[in-house]
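The following exercises ask the reader to examine one chain step by step. Please attempt each task before reading its solution.

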Amino acid sequence: MSLVCWSGGCDSTLALLDLSRESSEAHPVKALSVSHPQVIGDEEHRKARQAILEWARNKGHHIVHQELHLRVHGSDGKITGAGGKEGWFNADQNGGLIQPIMWMPLAATYLDVREDLYMGYVREDDIWHYEGNFTRMFGDLQFLMNKKGSIKYPLKGESKVDVIRRLKELGVLDLCWYCEDPKKGKPCDDCPSCRRHLTGLWQLDRFKPVEDEKDVEKEDDVKAEVRKAETPGSPEGSS
Ligand SMILES: [Zn+2]
């Protein structure tokens with residue numbers, strides 16, 4: 001069995017659905033989610049996961065989902081960042097890559113002895129600057145727990161636009177959550193994650209796959225042939 005770290009965002013959802021496509025009742029895919037005040041868009045991600053799970057169930061995917069609810073006691077868990085801006089998460093105050101650190105070590109404890117852990121990072125993610133440290137950290141945790149599985153990055157070579165295209169083709173894109181600074185339950189359209197998502201949508205709309213372009217060229221050639229045939233006596237190249 002495999003365990004996927006699953007947030008309900010686009011990338012980890014695609015990683016999960018790619019794996020669970022071949023799942024069965026006897027061989028389900030495990031998905032682990034972490035709900036914590038410092039996870040960005042925690043509430044919105046949780047709602048997205050519920051909707052995606054229902055979608056996947058209806059499509060015949062067999063997913064065993066576990067959700068870890070971590071709560072902070074003793075304060076409201078809020079952090080006041082630079083300029084007095086209050087929020088659940090502030091990268092200035094907490095450091096950069098807090099989410100992977102929160103997810104991976106927790107997921108490692110949920111792995112069976114020979115189970116692999118899947119993380120849905122894509123080509124543009126910051127994690128690749130620290131991949132050696134991250135993979136080594138996983139290996140050290142496995143060693144301490146006497147486990148034999150490895151960490152997998154199945155979307156390492158894929159860009160955001162590839163992920164968006166494939167989720168759109170599946171019909172699940174609109175169920176995923178991506179914003180890091182939601183406004184009343186809606187994406188802000190301005191945070192780095194929204195900008196990347198919107199750029200991906202724009203690229204998808206602007207650039208067609210190579211096969212499509214070839215078809216358009218072929219179509220243009222046919223139209224040109226027809227036009228030539230319809231205008232007898234007009235020598236080629238004259239205007
Ligand atoms: Zn946003």
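**Exercise 1. The end of a helix**

Task: Determine which residue follows α2 and what the sign of its phi is.

Solution: The model under study is predicted. In this model, Gly60 comes after α2, and its phi is positive, near 90°. A positive phi also appears just after α5, where Asn146 has a value of about 55°.

**Exercise 2. The length of two helices**

Task: Check whether the end-to-end distance of α2 agrees with the expected span at 1.5 Å a residue.

Solution: Step 1. Helix α2 covers residues 42-58, which is 17 residues. Step 2. The expected span is 1.5 Å times one less than the number of residues, so 24 Å should result for α2. Step 3. The end C-alpha atoms of α2 are 25 Å apart, which agrees. Step 4. For α5, with 14 residues, the distance from first to last C-alpha is 20 Å, close to the 20 Å expected.

**Exercise 3. The two faces of α2**

Task: Identify which residues of α2 are buried, and state which exposed residues lie on the face turned away from them.

Solution: Step 1. A residue counts as buried if 20 or more other C-beta atoms lie within 10 Å of its own. The buried residues in α2 are His45, Ala48, Arg49, Ile52 and Ala56. Step 2. These residues cover an arc of only 105° around the axis, and therefore they lie on the same side of α2. Step 3. Glu54, Arg57 and Asn58 are exposed and sit on the face turned away from the buried side. Step 4. The cover over the buried residues of α2 includes α1 (10-20), β2 (29-35) and β3 (63-69).

**Exercise 4. The order of the strands**

Task: State the order of the strands in the open sheet of five strands, and explain why one side of β3 and of β7 is left without a neighbour.

Solution: Step 1. The order is β3-β2-β1-β6-β7, and the pairing is parallel. Step 2. β3 and β7 (151-152) stand at the edges with a single partner strand each, so one side of each has no neighbour in the sheet. Step 3. The parallel pairing of β6 and β7 runs over two bridges, and Tyr118 stands opposite Lys152 in β7.

**Exercise 5. The nonpolar core**

Task: Find how many residues the largest nonpolar core has, and which element gives the largest share.

Solution: Step 1. This core has 43 residues, and Tyr118 and Cys176 are among those with the most contacts inside it. Step 2. The largest share, six residues, comes from α1. Step 3. The residues that Cys176 touches include Ala48, Ile52 and Leu167.

Methods
Residues numbered from 1 in each chain as written. Predicted model: local features only at pLDDT ≥ 70, side-chain atom pairs only at ≥ 80, totals over all residues. Helix = DSSP H or I, 4+ residues; strand = E, 2+ residues; numbered from the N terminus. Buried ≥ 20, exposed ≤ 12 C-beta atoms within 10 Å, placed from the backbone. Arc of directions from axis to C-beta. Contact = placed C-beta atoms within 7 Å. Core = buried A, V, L, I, M, F, W, Y, C linked by C-beta atoms within 7 Å. Pairing = 2+ DSSP bridges. Lists of a residue's contacts leave out its neighbours within four places in sequence.
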